[in-house]
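Dear colleague,

I am handing over the structure below, together with notes on what was found in it. Please read the notes alongside the coordinates.

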Amino acid sequence: MFPVLIGTVVVAGIVGYVSERSGFTRNGYIPSIVICVGGAFLFYFVTIMFGIGFGSPGLNAIASSIGALIIVPTRYRK
C-alpha cells in the first residue's frame with residue numbers, strides 16, 4: 001500500500017510538471033504540482049475507502065491529476 005502511495009505522488013508530480021511545461025496550465029510549476037498531488041491523494045483515499053477507480057493505480061493518478069487541474073479554478077482563468 002505504501003509504495004502505491006509514493007508512486008501516486010510521483011506520477012501526480014510528473015503530470016503537474018508536464019502540464020505546466022506544455023502550456024496546458026499557467027499556474028506556475030509549484031501550484032500545478034500541488035494541485036495534482038492533492039487531487040491524486042483525494043482519489044487515492046476514495047479508491048481505498050469505496051473501491052472506485054480505473055483498475056491501475058497509475059491510471060488513477062493520471063486521471064485524478066488532470067481532473068484536479070481542470071476543476072480547480074486559478075486566478076489566470078476567465
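Among the contacts in the chain between residues at least 6 apart in sequence, 59% join residues at least 24 apart, where a contact means heavy atoms within 4.5 Å. Please keep in mind that this is a predicted model, in which local features need pLDDT of at least 70 and side-chain atom pairs count only at pLDDT 80 or more, while totals for chains, interfaces and linings use all residues. Residues are numbered from 1 along each chain as its sequence is written, and side-chain values use heavy atoms, with hydrogens and water left out.

As to the overall fold, the chain holds three helices and zero strands, helices being DSSP runs of H or I with at least four residues and strands runs of E with at least two, numbered from the N terminus. The radius of gyration, taken over C-alpha atoms, is 12 Å, close to the 12 Å that the globule rule gives for 78 residues, so the chain is as compact as a globular protein of that length; that rule is 2.2 Å times the number of residues to the power 0.38. The C-alpha trace spans about 35 × 20 × 15 Å along its principal axes.

Turning to the surface, the accessible area of the chain comes to about 5100 Å², of which 76% belongs to carbon and sulfur atoms, as computed by the Shrake-Rupley method with a 1.4 Å probe. Buried residues, meaning those under 20% relative accessible area, with exposed over 50% and partly exposed in between (1.4 Å probe, protein chains only), make up 31% of the 78 residues.

A nonpolar surface patch of about 900 Å² includes Phe2, Tyr17 and Val34 among its members; patches are made of residues with over 30% relative accessible area and no salt bridge (a side-chain nitrogen of Lys or Arg within 4 Å of a carboxyl oxygen of Asp or Glu), and nonpolar side chains are joined within 5 Å. Helix H1 gives the largest share of this patch, six residues. Phe2, which lies in helix H1, is exposed, with a relative accessible area of 58%.

In helix H3 (residues 57–71) sits Ala63, which counts as partly exposed at 31% relative accessibility. The C-alpha atoms of Ala63 and Phe43, 20 residues apart along the chain, are separated by 9.3 Å.

Finally, an unreviewed UniProt entry places the feature "transmembrane region" at residues 29–52 and 58–76, although such annotations may be inferred rather than shown by experiment. Over residues 29–52 the model is 92% helix and 0% strand, with the end C-alpha atoms 29 Å apart.

With best regards

Conventions. Patch = residues over 30% accessible without salt bridge, like charges linked within 9 Å, V, L, I, M, F, W, Y side chains within 5 Å.
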